[in-house]
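Visitor: Could you take me through this structure? I would like to begin with a single residue and work outwards.

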Amino acid sequence: MNYQKPMGRDGEYQKNPKKIFRQNIPAVAGQFIGIPYQFGGNPQVSGSTDNSYLFFSIYTLAAQKAGLAYHGYLPMRRLLENCRKVDPEKVQNGDLMVLENDLAAMVYRVEASGRLHLIYASRKRSQVFSFNSDNLVFQVYWMENLDGFYRISDTMLAPAQ
């Protein structure tokens, strides 16, 4: 698969807050790698997280840095109801890779080469984990069980007040 070049290169963002939001995602997501997994954990309160709070935290902080407000916390099923499926060739920072069992990882960085960097709160590893599309597990597990790539609806972001 060839993926779209990453957002945020050489002035592509200009002054579009929603594009700046996507540009902020790699740095924000990187702050969460390695924190402990806990079902229902909220990183701002407990220093631990699950996927729902991980994605909420990344979206919220990236939005704030872009002068936007993110809709608010939603459990995973409700979050996915507020997403639309995207063409795998057009994946961007912040899109979700969702499996048939509704397990999801966030694409937090797309390299110009097409390599994807993903992040999710892994119950099995007991922490927030990062991997890339060159990883064998990406091909034999994630791609084999792929439901699709999803992007949050534009209505999930609003100008900060």
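Guide: Certainly. The model is predicted, and a convenient entry point is Glu 111, which lies in the loop between β4 and β5 (116–122).

Visitor: Is Glu 111 buried or exposed?

Guide: Glu 111 is buried, because its relative accessible area is 18% and the cut-off for that class is under 20%.

Visitor: And how far is Glu 111 from Asn 93, going by the C-alpha atoms?

Guide: The C-alpha atoms of these two residues are separated by 9.7 Å, while along the chain Glu 111 and Asn 93 are 18 residues apart.

Visitor: Back to the strands beside that loop. How many bridges join β4 to β5?

Guide: Four bridges join them, and the two strands run antiparallel. Within this pairing, Arg 109 has His 117 of β5 as its bridge partner. The hairpin of β4 and β5 has five residues between the strands, and Gly 114 takes a positive phi near 100° there.

Visitor: How many of the residues of β4 are buried?

Guide: Six of the seven are buried, so β4 is largely enclosed by the rest of the structure.

Visitor: In what sense does β4 pair with β3?

Guide: Strand β3 (residues 96–99) and strand β4 (residues 104–110) pair in the antiparallel sense, over three bridges. Ala 104 of β4 is the bridge partner of Val 98. Four residues lie between the strands in this hairpin, where Asp 102 takes a positive phi near 70°.

Visitor: Which strand pairs with β3 over four bridges?

Guide: That is strand β7 (residues 146–152), again in the antiparallel sense. Here Leu 96 has Tyr 150 of β7 as its bridge partner.

Visitor: Which residues of β3 are buried on each side?

Guide: Leu 96 and Val 98 are buried on one side, and Met 97 and Leu 99 are buried on the other, so both faces of β3 are covered. In a regular strand the side chains alternate between the two faces of the sheet.

Visitor: Let us change topic to the helices. At what angle do α1 and α2 pack?

Guide: Helix α1 (residues 17–30) and helix α2 (residues 51–65) pack at an angle of about 125°, and their axes are 8 Å apart. That makes α1 oblique to α2. Their crossing is right-handed.

Visitor: Which residues make the contact?

Guide: From α1 they are Phe 21, Asn 24, Ile 25, Val 28 and Ala 29, and α2 contributes Ser 57, Ile 58, Tyr 59, Leu 61, Ala 62, Ala 63 and Lys 65. By class, nine of the contact residues are nonpolar, two are polar and one is charged.

Visitor: Which residue in the loop between α1 and α2 should we look at?

Guide: Thr 49 lies in that loop. Thr 49 counts as buried because its relative accessibility is 0%.

Visitor: What is Thr 49 in contact with?

Guide: Leaving aside neighbours within four places in sequence, Thr 49 is in contact with residues including Ile 35, Pro 36, Tyr 37, Leu 54, Ala 121 and Val 128.

Key
Residues numbered from 1 in each chain as written. Predicted model: local features only at pLDDT ≥ 70, side-chain atom pairs only at ≥ 80, totals over all residues. Heavy atoms only, no water. Axes fitted to C-alpha atoms, helices over the stretch in contact; angles between N-to-C directions. Parallel < 35°, antiparallel > 145°, perpendicular 65-115°, else oblique. Left-handed = near helix turned anticlockwise from the far one by under 90°. Contact = heavy atoms within 4.5 Å. Nonpolar A, V, L, I, M, F, W, Y, C, P; charged D, E, K, R; others polar. Buried < 20%, exposed > 50% of the residue type's maximum accessible area, 1.4 Å probe, protein only. Pairing = 2+ DSSP bridges.
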